[in-house]
Amino acid sequence: MKWGSDFKLNSSEECCRACKEMCEGDNGPCLCDSWVFCGNKQDCGSRFGECWLKKQKDALDPDWRDSGDKVIWTSGLVFGKGEGIIKLKTEHGIVNVKLFPDCAPHSVYFILELLSLQHCAGCQFYRAESRGNSWDLQGNHIEHAPYGPPYALIQGTVDAYGTVFKDIPQEACPTIRRGSIAWVGSGPDFFISLANHHEWKKAYTVFGQVLPEDMEIVEKISQLPTIPDVWSNVKVAVLERPVPLRFIRMRKSP
């Protein structure tokens with residue numbers, strides 16, 4: 001959409017913003033869905049400040065050139081309305097998840113890598129806790145009610161057999177609300193929240209959001225039979241039978 005050799009800016013933030021400005025409003029389609037910026041004066045040389053704005057053939061399978069500490073370019077994705085949505089497949093139904101590349105780029109990069117796996121053996125939900133009497137149907141905390149247990153979430157892992165997981169750094173994302181999908185620590189364990197957990201502030205990296213119409217599937221899993229357990233002096237509910245899961249791509253329209 002814009003050639004970096006003719007389009008130079010002062011920072012990666014400005015380059016990202018230029019890409020976003022090619023979207024129609026906050027939730028409209030985007031003419032630009034990826035950006036690449038050369039921001040190291042010494043390593044970039046005459047290419048310092050180049051900002052390349054691109055439109056991928058498939059934003060969920062972007063044209064990766066290279067990665068790692070030795071790469072002098074910084075890049076990112078921008079998802080418009082109806083874009084950046086993947087599917088979380090379970091035996092109880094498919095949950096659509098909107099990814100957040102703006103605030104959790106490392107997390108989204110890992111999830112996109114998961115989409116290329118031929119299997120996700122070992123990936124499963126293993127903990128399920130309902131809203132109980134502490135949160136209402138909209139996920140709002142009921143006044144004077146305890147904050148758990150139960151803790152209004154379902155928890156799982158994407159630690160697939162035969163793969164090596166690299167810890168994901170904590171990223172600056174919004175607080176936990178109903179439908180948020182976030183890492184436990186640095187992963188690979190994660191959870192989907194059934195409630196607005198303002199009391200947790202920004203303790204967890206949120207990398208996506210379950211679409212509202214699919215929360216009934218999350219609620220269904222939270223009601224499955226469990227066994228009580230104690231983890232680090234915290235009472236939890238562990239599923240009697242773990243629920244296998246897998247992140248999959250949305251089929252592109254013909």
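# Strand S8, an aromatic pair and unusual backbone spots

In strand S9, Ile192 is the bridge partner of Ile181. This is a predicted model. Ile181 is a good place to start, since S8 pairs with strands S9 and S10. From there, this briefing turns to an aromatic cluster, to Asn96 and to the backbone.

**Strand S8 and its partners**

- S8 and S9 run antiparallel, and three bridges join them.
- The two strands form a hairpin, with five residues between S8 and S9.
- Gly185 sits in the turn of that hairpin and has a positive phi of about 65°.
- S8 also runs antiparallel to strand S10, which covers residues 206-210.
- Again, three bridges make the link between S8 and S10.
- Ile181 faces Gly208 in S10, while in S9 Ile181 is partnered with Ile192.
- Both faces of S8 are covered.
- On one side, Ser180 and Ala182 are buried.
- On the other side, Ile181 and Trp183 are buried too.

**The aromatic residues**

- The structure holds 12 aromatic pairs.
- One of them joins Phe110 and Phe165, with 5.0 Å from centre to centre.
- The planes of these two rings are 85° apart, so the pair counts as edge-to-face, for which the angle must be over 60 degrees.
- Phe110 lies in helix H3 (residues 105-115), whereas Phe165 lies in the loop between strand S7 (153-157) and strand S8 (180-183).
- The pair therefore ties together parts that are 55 residues apart in sequence.
- Phe110 has a relative accessible area of 14%, so this residue is buried.
- Phe165 has 17% relative accessibility, so Phe165 counts as buried as well; the cut-off for buried is under 20%.
- Phe110, Phe165, Trp183 and Phe207 form one aromatic cluster.
- Trp183 is also one of the buried residues of S8.

**Asn96 in strand S5**

- Asn96 belongs to strand S5, which spans residues 93-99.
- Is Asn96 buried or exposed? Its relative accessibility is 13%, so Asn96 counts as buried.
- The side chains of Asn96 and Lys87 share a polar contact of 3.1 Å.
- Setting aside neighbours within four places in sequence, Asn96 is in contact with residues including Ile85, Ile86 and Lys87.
- Gln209, Val210, Leu211, Asp214 and Met250 are also among the contacts of Asn96.

**Cis peptide bonds**

- Most peptide bonds are trans.
- The bond from Gly148 to Pro149 is cis, with omega near 0°.
- Pro149 is placed in the loop between strand S6 (124-129) and S7.
- The bond from Gly187 to Pro188 is cis too, with omega near 5°.
- Pro188 is in the loop between S8 and strand S9 (189-193).

**Positive phi in a loop**

- Most residues other than glycine have a negative phi.
- Ser232 has a positive phi, near 50°.
- Asn233 has a positive phi as well, near 70°.
- Ser232 lies in the loop between strand S11 (226-231) and strand S12 (234-244).
- Asn233 is placed in the loop between S11 and S12 too.
- Are these residues buried or exposed? Ser232 has 71% relative accessibility, so Ser232 counts as exposed.
- Asn233 has a relative accessible area of 78%, so Asn233 is exposed; the cut-off for exposed is over 50%.

Key. Residues numbered from 1 in each chain as written. Predicted model: local features only at pLDDT ≥ 70, side-chain atom pairs only at ≥ 80, totals over all residues. Heavy atoms only, no water. Helix = DSSP H or I, 4+ residues; strand = E, 2+ residues; numbered from the N terminus. Buried < 20%, exposed > 50% of the residue type's maximum accessible area, 1.4 Å probe, protein only. Polar contact = N/O pair within 3.5 Å; in protein donor to acceptor, adjacent residues only side chain to side chain. Contact = heavy atoms within 4.5 Å. Phe/Tyr/Trp six-rings, centres within 6.5 Å; stacked < 30°, edge-to-face > 60°. Pairing = 2+ DSSP bridges.
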